[in-house]
Amino acid sequence: LDPGPENIVGEVLGIRDDGSVLLGYWDGKAFKLEEGQPIELFSGPIEAWVGNAMDIADDGTIIGFDSFSTTRQAWIRPDGGAPVNLRSHALSLGATDVPALSVAMRVSASGNIVIGHNFFENAWRINLCVPDLSGNGAVDFADILAIIAAWGPCTGCDEDLNGSGDVGFDDILVVIGAWGPCP
């Protein structure tokens with residue numbers, strides 16, 4: 001990543017587990033550099049802000065954040081498409097009670113779990129495959145067992161998939177309705 005004579009500012013922030021992809025920012029844009037390919041520059045959802053690509057899942061999903069001064073906004077780039085606001089994406093997939101998400105740091109190999117923090121504040125974990133309570137990349141029997149283990153009143157817990165304040169049979173129906181590999 002030699003910037004040449006242009007005095008470009010950049011930094012490598014992430015790497016695919018096998019070392020074949022580098023991620024970061026390059027002259028204000030997020031970048032992906034795959035072994036044997038030219039550098040790919042792209043903007044996050046807020047083009048005028050600095051894009052920071054942080055991590056990549058096995059399926060090619062990239063997570064990162066845009067920054068402007070002390071303001072940060074987490075984004076996700078699923079399936080090689082355009083980056084979108086991570087909070088909006090999580091809500092569109094059925095996640096509930098999602099706080100503001102500032103800095104996305106790491107994504108699981110499956111692309112379904114994202115962790116990060118809010119600038120100088122709390123850490124967070126987002127499950128993008130909401131019924132996958134076990135985090136194994138599929139909605140299966142392990143998730144039914146998680147619901148049974150949390151059975152009963154449970155305000156705000158992950159196992160309350162329908163948001164009723166109670167973990168019960170209706171939550172098992174949500175798991176059965178989403179059965180199979182996470183998208």
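## Pairing in the sheet

Two strands count as paired once DSSP finds at least two bridges between them. In this predicted model, β5 and strand β6 (residues 62-68) clear that bar with six bridges, running in the antiparallel sense. Want a spot to look at along that pairing? N52 sits opposite F65 in β6.

Zooming out, β5 and β6 belong to an open sheet of four strands, ordered β5-β6-β7-β8, with antiparallel pairing. The edges are taken by β5 (50-56) and β8 (84-85); each has a single partner strand, so one side of each is left without a neighbour in the sheet.

## Salt bridges

How many salt bridges does the structure hold? There are two.

Take R77 and E40 to begin with: their side chains meet at 2.6 Å, N to O. R77 lies in strand β7 (residues 71-77) and E40 in strand β4 (residues 40-42), so this pair ties together parts that are 37 residues apart in sequence. As for burial, R77 has just 6% relative accessibility and counts as buried, while E40, at 29%, counts as partly exposed.

The other salt bridge joins the side chains of E34 and K32, at 3.5 Å, N to O. Is K32 buried or exposed? Buried means under 20% relative accessible area, and K32 comes in at 17%, so K32 counts as buried. Its partner E34 is partly exposed, with a relative accessible area of 32%.

Notes:
Residues numbered from 1 in each chain as written. Predicted model: local features only at pLDDT ≥ 70, side-chain atom pairs only at ≥ 80, totals over all residues. Heavy atoms only, no water. Helix = DSSP H or I, 4+ residues; strand = E, 2+ residues; numbered from the N terminus. Salt bridge = Lys/Arg side-chain N within 4 Å of Asp/Glu carboxyl O. Buried < 20%, exposed > 50% of the residue type's maximum accessible area, 1.4 Å probe, protein only.
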